[in-house]
Amino acid sequence: MRCPYCGCENTQVKDSRPTEENQSIRRRRNCEDCGGRFTTFERVQLREITVIKRSGRRVPFDREKLIRSISIALRKRPVDPERIERMVSGIVRQLESMGEQEMPSSVIGELIMEALKGLDPVAYVRFASVYRDFREAADFHEVLGEIAERDKVGEEAGGTSPKPLAIEAADRKH
């Protein structure tokens with residue numbers, strides 16, 4: 001592992017422990033050249049996924065970018081960070097289980113929107129406004145109408161709205 005401070009590849013693991021309910025390993029490392037200390041995380045990756053952007057450009061899938069996008073939508077919302085992590089893990093598992101090496105960004109965006117719809121309606125609208133490139137108030141009105149209809153159907157069924165697959169999978173673990 002390369003040291004983030006000096007770039008030296010001569011680093012040593014000082015401590016390892018599982019995190020996220022044994023979904024990843026946290027390693028404390030020490031650079032033997034500059035003495036810098038840093039932490040790395042390792043997690044299982046079933047396959048390399050390449051994201052096909054709208055422009056046609058291909059980029060490697062980045063879990064951290066997914067977390068950042070969701071975190072922006074959830075900024076100042078009362079959602080437990082652990083639920084966000086479970087949601088992201090659920091989305092990543094869904095992507096990996098699809099069996100495709102290349103995935104259009106639109107599929108990822110729809111998975112995120114579906115997960116946010118069940119987690120926090122405000123975050124869902126925020127994400128949708130950027131993802132679907134809202135240009136006028138009518139765009140917001142349409143999405144809010146979808147949420148109201150979904151809530152109405154859930155209440156008529158005698159319960160809450162159905163959870164998206166990513167959240168259902170994450171919640172089944174608990």
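A polar contact is a pair of N or O atoms within 3.5 Å; within protein, one of the two must be able to donate a hydrogen and the other to accept it, and residues adjacent in sequence count only if both atoms are side-chain atoms. One such contact, 2.9 Å long, joins the side chains of E102 and R58, and we will come back to this pair below. Welcome to a predicted model, in which local features need pLDDT of at least 70 and side-chain atom pairs count only at pLDDT 80 or more, while totals for chains, interfaces and linings use all residues. Residues are numbered from 1 along each chain as its sequence is written, and side-chain values use heavy atoms, with hydrogens and water left out.

**The overall picture**

- The protein has six helices and six strands; these are DSSP runs, H or I of at least four residues for helices and E of at least two for strands, numbered from the N terminus.
- Along the sequence, the elements come in the pattern β-β-β-β-β-α-α-β-α-α-α-α.
- Of the 174 residues in the protein, 34% are buried (buried means under 20% relative accessible area, exposed over 50%, and partly exposed in between, with a 1.4 Å probe and protein chains only).
- Among contacts (heavy atoms within 4.5 Å) with a separation of 6 or more, 46% link residues 24 or more positions apart.
- The accessible surface of the protein is about 10900 Å², and carbon and sulfur atoms contribute 50% of that area; such areas come from the Shrake-Rupley method with a 1.4 Å probe, and for residues only the protein chains shown count as cover.

**A three-stranded sheet**

- Strands of a sheet pair through backbone hydrogen bonds, either parallel or antiparallel.
- Here, an open sheet of three strands is ordered β5-β4-β6, and its pairing is mixed (two strands pair if DSSP finds at least two bridges between them).
- Strands β5 (58-60) and β6 (102-104) form the edges, each pairing on one side only.
- From one strand to the next, the twist averages 35°; axes are lines fitted to C-alpha atoms, for helices over the stretch in contact, and angles run from 0 to 180 degrees between N-to-C directions.
- Strand β4 (residues 50-52) runs antiparallel to β5, and three bridges join the two.
- V51 has V59 of β5 standing opposite.
- Helix α3 (residues 105-119) lies across β4 and β6, at about 65° to β6.

**The pair E102 and R58**

- E102 belongs to strand β6, while R58 belongs to strand β5.
- Both side chains are partly exposed: E102 has a relative accessible area of 35%, and R58 has 48%.
- Beyond its neighbours within four places in sequence, E102 touches T50, I52 and R58.
- With the same kind of neighbours set aside, R58 is in contact with T50, V51, I52 and E102.
- A polar atom of the R58 side chain also lies 3.4 Å from the backbone oxygen of G56.
- Two C-alpha distances help to place the pair: E102 and P60 are 42 residues apart in sequence and 9.1 Å apart in space, and R58 and S105 are 47 residues apart in sequence and 9.7 Å apart in space.

**Cysteines without disulfides**

- The structure holds zero disulfides (a disulfide is a pair of cysteine sulfur atoms within 2.5 Å).
- For C3, the nearest cysteine sulfur is that of C34, 3.8 Å away.
- C8 is unbonded because its sulfur is 4.6 Å from the closest cysteine sulfur, in C31, which is too far for a bond.
- Both cysteines are buried, C3 with a relative accessible area of 3% and C8 with 14%.

**Two more residues to find**

- T11 lies in strand β1 (residues 11-19) and is buried, with a relative accessible area of 15%.
- A polar atom of the T11 side chain sits 2.9 Å from the backbone oxygen of M1.
- Apart from neighbours within four places in sequence, T11 contacts several residues, including M1, C3, C31 and F38.
- K76 is in the loop between α1 (63-73) and α2 (81-97), where its relative accessible area of 79% makes it exposed.
- The phi angle of K76 is near 65°, a positive value in a residue other than glycine.
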